[in-house]
Amino acid sequence: MTPGYRAVLSPCIGICSLDASGLCEGCHRSVAEIARWSQMGDDERLQIMETVLPAREALRV
């Protein structure tokens with residue numbers, strides 16, 4: 001492993017299907033978030049994973 005290598009954080013759980021509102025059934029990301037995920041910085045991905053996605057999941061319950 002090369003120095004400075006960081007794993008790309010991803011909330012993907014392998015259930016990849018969009019619901020009627022355009023969110024992934026598995027990870028709750030929008031199509032725009034999924035498309036941009038690899039270009040986001042670690043801080044932005046972490047913020048989405050820790051704040052945005054849990055809030056979306058709570059609304060689904």
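Helices in these legends are DSSP runs of at least four residues, numbered from the N terminus. With that in hand, welcome to a few close-up views of a predicted model.

**Figure 1. Ser-30, in the segment before helix 1.** We start with a residue tucked away from the surface: Ser-30 has a relative accessibility of 17% and counts as buried, because buried means under 20%. Setting aside its neighbours within four places in sequence, Ser-30 is in contact with Gly-22, Leu-23 and Arg-56. Keep Arg-56 in mind, since Arg-56 returns in the next view, where its side chain meets that of Glu-33.

**Figure 2. Glu-33 and Arg-56 joined by a salt bridge.** Side chains of opposite charge can pair when their charged atoms come close. Here the N to O distance is 2.6 Å. Glu-33 belongs to helix 1 and Arg-56 to helix 2, so this pair ties together parts that are 23 residues apart in sequence. Glu-33 is buried, at 12% relative accessibility.

**Figure 3. Arg-60 and Asp-19, another salt bridge.** The side chains of these two residues meet at 2.3 Å, N to O. Arg-60 lies in helix 2, which covers residues 42-60, while Asp-19 sits in the segment before helix 1 (31-36), so the pair links parts that are 41 residues apart in sequence. How exposed or buried are the two partners? Arg-60 is partly exposed, with 33% relative accessibility, whereas Asp-19 is buried, with a relative accessible area of 19%.

**Figure 4. Glu-44 meets Arg-36.** The side chains of Glu-44 and Arg-36 form a salt bridge with an N to O distance of 2.3 Å. Glu-44 is partly exposed, its relative accessible area being 32%. Arg-36 is partly exposed as well, at 36%. If you would like to place this view in the whole structure, a search finds 4 salt bridges in total, and the Glu-44 and Arg-36 pair is one of the salt bridges shown here.

**Figure 5. Leu-18 and its surroundings, in the segment before helix 1.** Leu-18 counts as partly exposed, at 47% relative accessibility. Which residues does Leu-18 touch, not counting those up to four places away in sequence? They are Leu-23, Cys-24, Glu-25 and Val-31. For a sense of distance, look at the C-alpha atoms of Leu-18 and His-28: they are separated by 8.7 Å, and the two residues are 10 residues apart along the chain.

How values were computed: Residues are numbered from 1 along each chain as its sequence is written. This is a predicted model: local features need pLDDT of at least 70, side-chain atom pairs count only at pLDDT 80 or more; totals for chains, interfaces and linings use all residues. Side-chain values use heavy atoms; hydrogens and water are left out. Helices (H or I, at least four residues) and strands (E, at least two) are DSSP runs, numbered from the N terminus. Buried means under 20% relative accessible area, exposed over 50%, partly exposed in between (1.4 Å probe, protein chains only). Contact means heavy atoms within 4.5 Å.
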